[in-house]
Amino acid sequence: MPTNNPTCPVCLRADTRLFHTQQSVPTQDGFIYPTRQQAIDAPRGDIRLHFCPACTHIFNDRFDPSLLRFDDGYDISLHHSPTYRKFIDDLIAGLVERHQLRNKTVLEIGCGKADFLKAITLPFDNRGIGFDPTFLDANLSDNERQAITVHKRFYGPADQSIQADFVTFRSMLQYHTAPRQFVRDCRGSVARPNGVVYAEVPHSAHTFERMCIWNIVYEHGCFYSEWSLAKLFAESGYHVQNCFSCFVEDQNLGIEAGIEPSSRQFTIDPRAVAAWDKTIDRFVAEHERLTHHWRSTLESLLRAGKRVTLWGAGARAISFCNLFGVTDTQIPHVVDINPQRQGRYLPLTLQQVVAPDHLLYTPPDVIIITNSGYEQEIRDQITSMNIGAEVMVL
């Protein structure tokens, strides 16, 4: 059983502070269930968020990776969104330029459906190697296989014999309860002398400073700040070159690090670390206010007989529905543009995921956009479909 003061997995300090709890929540948002019964039987877990005042890391001491399912049905791909594709294009352009990634070897750990791996490999004559148990063979054409090889399994210590000029893992670190060991293991695949690692994680500032309470889900086993992410890499034998907010509304956090000293060196103002104590205090108070506001709003809409639809079937929709116990009789559908999610069911609350065209046949009175980062893109699509619903944004 965890103690009241579990050790921080980043800096190994034991004076952590429990500040937020949730019981019996769905353990995954990357897996939407193909049948109602499977969604009813979805595994559950508890959230107990601890804050480390020494390095600002935030983690769930009840997080159990064995409750997560990574297979062909797992899909968190965002590449169907123009907003996200533009972000990826701009990110890759910067990485290629800064690290001269042409005619090089690229290794992506946790490559998913290989969208990012293809984008950073094929246009620049790079050789790509990926690892991911959720990868589907159909995601690579015969021509693409000449430049890219994907191993349908997890990357492990035995794979350190692979030498790459560029090693990347994106949306991976939040699943590791012992991140120091994982990051150290990855060093073995970084080619000397100029090899570099790029990692990307959900940004704790977006969730706890911007008050995106819907981003607190079981699958996010932890949240990194610039300081905790840089500290993790520095104490794992890397030279941190850059650590920066990225994607819309600073939703993500990226880091670039090498295994040899570089002229590029990242530093952080210690005052930014000290300010996090107050951030956590504000979060606790604001979480209660936002929860009350949205509970009242939802109850008013449903009491008035309004037909409500959510748009975006990711973590925030699942968090919203479960936090308020929203049933599929109250909100029957969630719109998502990812065809791999359509026709499936949200865990526990059972909303069915539908394509945007579904709204043409069952027009809602209110559409709630679950991720504000995609607000303009979704509003444009609603307008183009001539749907006259009121739009709200979480």
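In which order do the four strands of the open sheet lie, and is the pairing parallel or antiparallel?

**Figure 1. The open sheet of four strands in the predicted model.** The order is E1-E2-E3-E9, and the pairing is antiparallel. Strand E1 (17–26) and strand E9 (222–223) are the edge strands, each pairing on one side only. Two bridges join strand E3 (residues 58–60) to E9 in the antiparallel sense. Phenylalanine 59 has cysteine 222, in E9, as its bridge partner. Strands of a sheet pair through backbone hydrogen bonds, either parallel or antiparallel.

**Figure 2. Aromatic pairs, with phenylalanine 131 and tyrosine 155 as an edge-to-face example.** A pair of aromatic rings is described by the distance of the centres and the angle of the planes. The model contains 23 aromatic pairs. In the pair of phenylalanine 131 and tyrosine 155, the ring centres are 5.4 Å apart and the planes stand at 85 degrees, so the arrangement is edge-to-face. Phenylalanine 131 belongs to strand E5 (residues 127–131), whereas tyrosine 155 lies in the loop between strand E6 (148–151) and strand E7 (166–170); the pair therefore ties together parts that are 24 residues apart in sequence. Phenylalanine 131 and tyrosine 155 are both buried.

**Figure 3. A stacked pair formed by tyrosine 198 and phenylalanine 244.** The ring centres of tyrosine 198 and phenylalanine 244 are separated by 6.2 Å, and their planes lie at 25 degrees, so the pair is stacked. Because tyrosine 198 lies in strand E8 (residues 196–202) and phenylalanine 244 in strand E10 (residues 239–246), the pair ties together parts that are 46 residues apart in sequence. Tyrosine 198 and phenylalanine 244 are both buried.

**Figure 4. An aromatic cluster and two arginine residues over aromatic rings.** One aromatic cluster is formed by Phe19, Phe208, Phe223 and Phe283. The charged end of arginine 170 sits over the ring of phenylalanine 116, at 4.4 Å from the ring centre. Arginine 187 lies over the face of tyrosine 238, and here the distance to the ring centre is 5.8 Å.

**Figure 5. Helix H2 (residues 82–99), its cap and its packing.** The 18 residues of H2 should span 26 Å at 1.5 Å a residue; the end C-alpha atoms are 26 Å apart, which agrees with this expectation. At the N-terminal end, serine 81 caps H2, with a side-chain oxygen 3.2 Å from the backbone nitrogen of threonine 83. The buried residues of H2 include Tyr84, Phe87, Leu91, Leu95 and His99. These buried residues pack against helix H3 (115–121), E7, E8, E10 and strand E11 (252–258). Glutamine 100 follows H2 and has a positive phi, near 50 degrees.

**Figure 6. Backbone geometry at three loop positions.** Most residues other than glycine have a negative phi, and most peptide bonds are trans. Arginine 192 and proline 193 are joined by a cis peptide bond, with omega at about 5 degrees. Proline 193 is located in the loop between helix H4 (179–187) and E8. Asparagine 103, which is not a glycine, has a positive phi of about 55 degrees. Asparagine 103 lies in the loop between H2 and strand E4 (105–109) and is exposed, with a relative accessible area of 60%. Methionine 211 also has a positive phi, near 65 degrees. Methionine 211 lies in the loop between helix H5 (204–208) and E9 and is buried, with a relative accessible area of 15%.

**Figure 7. The surroundings of glutamine 241 in strand E10.** Glutamine 241 counts as buried, at 12% relative accessibility. The side chain of glutamine 241 makes a polar contact of 2.8 Å with the side chain of arginine 264. Beyond four places in sequence, the residues that glutamine 241 touches include His99, Val196, Glu256, Ser262 and Phe266.

**Figure 8. The surroundings of alanine 317 in helix H9 (residues 315–323).** Alanine 317 is buried, with a relative accessible area of 0%. Between alanine 317 and valine 334 the C-alpha to C-alpha distance is 8.0 Å, while the separation in sequence is 17 residues. Leaving aside residues up to four places away in sequence, alanine 317 touches Leu310, Gly312, Val334, Leu346 and Thr370.

Technical notes. Residues are numbered from 1 along each chain as its sequence is written. This is a predicted model: local features need pLDDT of at least 70, side-chain atom pairs count only at pLDDT 80 or more; totals for chains, interfaces and linings use all residues. Side-chain values use heavy atoms; hydrogens and water are left out. Rings of Phe, Tyr and Trp (its six-membered ring) pair if their centres lie within 6.5 Å; planes under 30 degrees apart count as stacked, over 60 as edge-to-face and the rest as tilted. Buried means under 20% relative accessible area, exposed over 50%, partly exposed in between (1.4 Å probe, protein chains only). A charge sits over a ring if NZ of Lys or CZ of Arg is within 6 Å of the ring centre and within 35 degrees of the ring normal. The expected span of a helix is 1.5 Å times one less than its number of residues. Contact means heavy atoms within 4.5 Å. A polar contact is a pair of N or O atoms within 3.5 Å; within protein, one must be able to donate a hydrogen and the other to accept it, and residues adjacent in sequence count only if both atoms are side-chain atoms. Two strands pair if DSSP finds at least two bridges between them.
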